[in-house]
Amino acid sequence: MMNVKVLVTGANGQLAQTIKELFSENEDAIEFVFLEKKALDISDENAVEAFFKENDFSYCINCAAYTNVEQAEESSDLTFEINAEAVRKLSIVCDINNVILIHVSTDYVFDGEKDTPYVETDDTNPLNEYGKSKLLGEHYISQISQNHFIIRTSWLYSRYGKNFFKTIVAKIKEKAPLKVTTAEIGTPTSCIDLSKFIYSLILSKSNKFGVYHYSNEGKATWYDFAVEIATHFEHYDTLNISPVDFFKTKAKRPKYSVLSKSKAKNLFGVTIPNWKNSVEEIIQDE
């Protein structure tokens, strides 16, 4: 029994909601506290400091983020305020209070010019405002917080919030035709699997701090992802999904952003499901 208290910020987001679904009741004596922005604005350093003093947290899982990649191009100031400056303030408070910070970052810190999976030490070169803001947040954490895990992940989806998976499922249920891009290669990642990895980090009591990559195994285009989802709905003909090699967007995206999980697997012995298996698991619960 651990008797550990964990703060989860960004409680309305899909990852935080998944963690809550899976682990808010657990047999490991881990107490989770889920707070949305209205309850705790992490950009308000004084409020965060006061809240930490009132609570004896061991960990803070930061799920608070501005994740609208397209809108971030036009709302750069807000994007950096949430993804970088607020993270800087949270890092300071975590460090002062000796709280281990688990921060979720993104594959979009890379430019996609590689054709083999990115390792944690590869050069970063984000192409869009979202990626730039998340990278600056990483830099702040590395400079400020002694005890931290930065987890870069990719193409997150779940039953919660707005995400590609939910959009495609809704269209399939409407029997709507779809056009989906083949221009990007990455890995769809289930919030269920990422949540389990984060939980295992806490259980391990590890002090192997630093940057880690975690996504599901395998690779896909967004078109591949959509087709895989559709194969689980008998009434829908996957031929209704058309591949397109170009899709106009405001934000540039890396054409290849598959992540290597060798570091996480070697240091923590985690078994990571293939993305197709994780899609099947979440659809069975639909």
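This report describes the overall form of one protein chain and then the pairing of two of its strands.

The structure is a predicted model. The protein chain contains 10 helices and 12 strands. Along its principal axes, the C-alpha trace of the protein chain spans about 55 × 40 × 40 Å. A compact globule with 286 residues would have a radius of gyration near 19 Å, and the protein chain agrees with this, since its own value is 19 Å. Among contacts in the protein chain between residues at least 6 apart in sequence, 84% join residues at least 24 apart.

Burial and exposed surface are summarised in the table.

| Property of the protein chain | Value |
|---|---|
| Share of the 286 residues that count as buried | 53% |
| Area exposed by the protein chain | about 13300 Å² |
| Share of the exposed area supplied by carbon and sulfur atoms | 46% |

The remaining description concerns strand 1, helix 1 and strand 2. Strand 1 comprises residues 4-9, and strand 2 comprises residues 30-35. These two strands run parallel and are joined by 6 bridges. Within this pairing, Val-8 has Phe-34 of strand 2 standing opposite. Between the two strands, the chain passes through helix 1, formed by residues 14-23, and the resulting β-α-β crossover is right-handed.

Strand 2 is also notable for its burial. A residue counts as buried when its relative accessible area is under 20%. By this criterion, 5 of the 6 residues of strand 2 are buried, so strand 2 is largely enclosed by the rest of the structure.

Terms used. Residues are numbered from 1 along each chain as its sequence is written. This is a predicted model: local features need pLDDT of at least 70, side-chain atom pairs count only at pLDDT 80 or more; totals for chains, interfaces and linings use all residues. Side-chain values use heavy atoms; hydrogens and water are left out. Buried means under 20% relative accessible area, exposed over 50%, partly exposed in between (1.4 Å probe, protein chains only). Helices (H or I, at least four residues) and strands (E, at least two) are DSSP runs, numbered from the N terminus. Two strands pair if DSSP finds at least two bridges between them. A crossover is right-handed if, with the strands pointing away from the viewer, the path from the first strand over the helix to the second runs clockwise. The radius of gyration is taken over C-alpha atoms; the globule rule is 2.2 Å times the number of residues to the power 0.38. Contact means heavy atoms within 4.5 Å. Accessible areas come from the Shrake-Rupley method with a 1.4 Å probe; for residues, only the protein chains shown count as cover.
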